[in-house]
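This briefing concerns backbone geometry in a predicted model. It covers peptide bonds first and backbone torsions afterwards.

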Protein chains: 2
Amino acid sequence: MDVMKYLSERIAVVEKELNSWVPPGTQPAELTKAARHLLDAGGKRLRPCLVMVSCEAVGGKSKDAIEAAAALELLHNFTLIHDDIMDHDEFRRNVKTVHMIWGEPIAIIAGDALFAKVFEALTGNVRRLKLDKASAVEVFDTVSKASFEVCSGQAKDMLLAKSKSVKEAEFLDMISGKTGALTEASTKIGAILGKGTARQVKALANYGRLLGVAFQIRDDVLGVTGQKSKFGKPIGSDIREGKRTLIAIRALSIVKGLEKKTLLRVLGNENSSGSEIKAAIEILRKSGSIDYASRKSEELVSKAKSQLNVLPDSDAKEVLVKIADFVVKREF
Amino acid sequence: MDVMKYLSERIAVVEKELNSWVPPGTQPAELTKAARHLLDAGGKRLRPCLVMVSCEAVGGKSKDAIEAAAALELLHNFTLIHDDIMDHDEFRRNVKTVHMIWGEPIAIIAGDALFAKVFEALTGNVRRLKLDKASAVEVFDTVSKASFEVCSGQAKDMLLAKSKSVKEAEFLDMISGKTGALTEASTKIGAILGKGTARQVKALANYGRLLGVAFQIRDDVLGVTGQKSKFGKPIGSDIREGKRTLIAIRALSIVKGLEKKTLLRVLGNENSSGSEIKAAIEILRKSGSIDYASRKSEELVSKAKSQLNVLPDSDAKEVLVKIADFVVKREF
């Protein structure tokens, strides 16, 4: 089976669906443009793919989950717009962030508007599908709880950035909420809409959570080892912003002396020069902290894949395996 | 019947319910404190009252709609937190606004977290109640669409503030979204959860929308004629911020010469002195624009009350009439 073909066919359908939930040209035009900006800039569409493929992996059709797939991408984009304001990020997906173009007030409301559309899209899906009330309610419950977890995770992220010593467990808990909650919600609602068994829904939920955490760790690795042109964000900006990543936490727990001093000086110092950032990255690399993080994300992906054992063999199952492999190998 | 007793009994139940959706002490503590700040500062609890009383007005029990009542107050508070950031407001309900205490990043995420809880609370209500799937879906549809309308209304509000000439119809459309959408959602979902007939649901939805618009116009009147101690916000701040209100729009369309010049100079001028604000308010008063706005809100309230004719007589119906009367007479 051609995985890329399989996914790109589904992504094409998602793009159309996304367009229908935030139609270009809707008044007020400024709001619509701001809300669509990151959607139009592309992105991997990981979450909608997870929704649709999970639906198929339990025997459903991808179109049974199309509005929900769009909903999860809208939800993801809402969090990106607000996170970029909070983190003062200037670029994302190789374009300027929403608040950099339209200002913070419009960026706040553009995020809110996308969040509102999430539940409207879910409503559309649940209304259209022959689904019992309990399953319909479960879809809303899953997405609303995941949304709260994402907020909580983002708040923890901001608070951890101020903390001098962050433990690995605290960090993993934070990204589990910030990233894992949404990928779990994606696979879980896909499985519910596909009318999977309780066991299948649970397994796919676990797969989604583990995948999200692995994804975030890989993101942090790319943040120091990636290429800006592929990754879409400036390399080393996490260091300059003092963002806690598994890499930084590991390094701070093992390096000593001058290297530790250098790291502590550069991390979170907005005035760090390019060469200071480079020196810090070199320390991270030499200490084995980047490899440590890479191994961690590989372990998580391996656990995620083992969850899929409860599923019957299918193209969709194969694609879920491939998505997991992609998460730890990707360069973008 | 003692209306105040009727309402305060229900408000007491709502307060408990609100506490359970955002429990004090939840980690991360900073986020919870910020999210609870305006909730704890009080407020009229108009929207939850509308939800519960509408439920009763069609023959339901107020406890059938208790989570939904809390949800609408959470939704309202989410919009307040974000609006205050966008409008740079420093005080609300006689306390400092959330972003003034915790900073904008935490204020943004606190609003988002409350928004997420809205749908979790609705899910709880719908799950608990014996309700067909179509009605359950209608509740989510109503609230998600209203949320989007509120965002759209807030965006229009910000964009109108930049516009030189705002028409009365544009203004009314804006506040219909910004305020009317939520009050309509309150009465409508109350009626759905109370298992009202389609005709009753429609009439209560209309009542809610008209009431919300009247409420907003009264708010703008109090913004120039009220007492800060009762109203909770500095008097005249709308003028300083250049906020378009029915009063300002009316005045700009009828005053001429020096008075118009004075108004145009003071409106939206952040450096306006206290005496300039007073002079502007005097021009608004003399031109009859404040009276014009008051009459408009009275007309809307009268229309709102006439919607209630389809309901059987009950204490709840009487309370809805009294709430409508309160909206145009209130000083806070």
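In chain A, the loop between helix 1 (3-21) and helix 2 (29-40) holds A:Pro28. The peptide bond that leads into this proline from A:Gln27 is cis. Chain B also has a cis peptide bond, running from B:Gln27 to B:Pro28. Two residues other than glycine, A:Arg45 and B:Asn94, have positive phi values.

**Cis peptide bonds**
- Between A:Gln27 and A:Pro28, omega is near -5°.
- Between B:Gln27 and B:Pro28, omega is near -10°.
- B:Pro28 lies in the loop that links helix 1 (3-21) to helix 2 (29-40) of chain B.

**Positive phi at A:Arg45**
- A:Arg45 has a phi near 55°, and the residue is not a glycine.
- The loop between helix 2 and helix 3 (46-57) of chain A contains A:Arg45.
- A:Arg45 counts as buried because 22 other C-beta atoms lie within 10 Å, where the cut-off for a buried residue is 20 or more.

**Positive phi at B:Asn94**
- B:Asn94, likewise a residue other than glycine, has a phi near 65°.
- In chain B, strand 1 (91-92) and strand 2 (95-96) are joined by the loop in which B:Asn94 is found.
- B:Asn94 has 14 other C-beta atoms within 10 Å and is therefore partly exposed, since this class lies between the limits of 12 or fewer for exposed and 20 or more for buried.

Definitions and conventions:
Residues are numbered from 1 along each chain as its sequence is written. Chains are lettered from A and ligands numbered from 1 in the order in which they are written. This is a predicted model: local features need pLDDT of at least 70, side-chain atom pairs count only at pLDDT 80 or more; totals for chains, interfaces and linings use all residues. Helices (H or I, at least four residues) and strands (E, at least two) are DSSP runs, numbered from the N terminus.
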